[in-house]
Amino acid sequence: MAELTFFHGTMNCGKSTMALQIHHNAVAAGKRCVLLTRNDRAGGVISSRIGLTQPALVIDDTTDLYAELAGRLESGARVDIVICDEAQFTTPAQVEQLADIVDVLGVEVQAFGLLTDFTTRMFPGSRRLVELADRCQQLPVDALCWCGRRGTHNARTVGGQMVTTGEQVVVGDVDGDTLAYEVLCRRHHREGRTRSLAPAEPRVRLAG
Ligand SMILES: [Zn+2]
């Protein structure tokens, strides 16, 4: 039975790497995959920070994902699995199209993305995925806050300062200031205390 699964995690937790691993395993098992991405670091490919890449269809807000898949099937292509990276950037309507791909076309969909933005609010596409998915799975957290706690929240810094307002999606730098992201624990996200403001001696030490 085809299912819609949403794998979510923080930045730098290996979402794209896992998407590519699932793609690799599916192809090895003789399955046909369609890879989708948007606003990816490299454009036209799903790329992971450990160096894996795979060509992917780049979608934007106007892409009808259901029509795209239905068209491929009508033209005789076989598709077993749709893998959607950067799923937080899909629109709620596109998430409903992903559900239709599962329910009407019988094709498995596995979506990978962030749950929340730098203000700790859910991305609209991620919220719709949580609402509609057959399964939601939190990816293991391997990014740690500078204090040693689990890095559960995404912080945005501009010119080294943590910011809590601004556009939800920003590509590139802002007014000449370097825009960056850092994963923090909830406490330090709420305090606005990034690594650059950390005391010299971390207050919490965790094994490993
Ligand atoms: Zn912390």
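This tour moves through a predicted model from its domains to its sheet, a pair of helices and finally one histidine.

**The two domains**

Begin by colouring the chain according to its domain assignment, which gives domain 1 as residues 4–138 and domain 2 as residues 153–197. If you place a marker at the C-alpha centre of each domain, the two markers will lie 26 Å apart. Next, select the residues where the domains touch: 12 residues of domain 1 are in contact with 11 residues of domain 2. On the domain 1 side of this contact, the residues divide into 5 nonpolar, 6 polar and 1 charged.

**The sheet**

Now show the strands as a cartoon and follow the open sheet of 6 strands, whose order is β5-β2-β6-β7-β1-β8 and whose pairing is parallel. At the edges stand β5 (57–58) and β8 (135–138), and because each has a single partner strand, one side of each is left without a neighbour in the sheet. Select β8 together with β1 (residues 4–8), and you will have a parallel pair joined over 4 bridges; within this pair, F7 has Q137 of β8 as its bridge partner.

Keep the sheet in view and add α3, which packs on it and touches β1, β6 (81–84) and β7 (108–113). The direction of α3 makes about 150° with that of β7.

**Helices α2 and α3**

With α3 (residues 92–103) still selected, add α2 (residues 65–74), and draw the two axes, which come within 8 Å and cross at roughly 30°. Since angles under 35 degrees count as roughly parallel, α2 is roughly parallel to α3. To see the contact itself, display the side chains of L65, Y66 and L69 in α2, which meet Q94, Q97, L98, D100 and I101 in α3. The residues of this contact divide into 5 nonpolar, 2 polar and 1 charged.

**A stop at H8**

Return to strand β1 and select H8, which lies in that strand. Is H8 buried or exposed? Around H8 there are 24 other C-beta atoms within 10 Å, and because 20 or more are needed for a residue to count as buried, H8 is buried. Leaving aside residues up to four places away in sequence, H8 touches G113, L114, L115, S126, C136, Q138 and L139. As a last step, draw a C-alpha to C-alpha distance from H8 to E131: these residues are 123 residues apart in sequence and 13 Å apart in space.

Key:
Residues numbered from 1 in each chain as written. Predicted model: local features only at pLDDT ≥ 70, side-chain atom pairs only at ≥ 80, totals over all residues. Domains from an automatic or database assignment. Contact = placed C-beta atoms within 7 Å. Nonpolar A, V, L, I, M, F, W, Y, C, P; charged D, E, K, R; others polar. Axes fitted to C-alpha atoms, helices over the stretch in contact; angles between N-to-C directions. Helix = DSSP H or I, 4+ residues; strand = E, 2+ residues; numbered from the N terminus. Parallel < 35°, antiparallel > 145°, perpendicular 65-115°, else oblique. Pairing = 2+ DSSP bridges. Buried ≥ 20, exposed ≤ 12 C-beta atoms within 10 Å, placed from the backbone.
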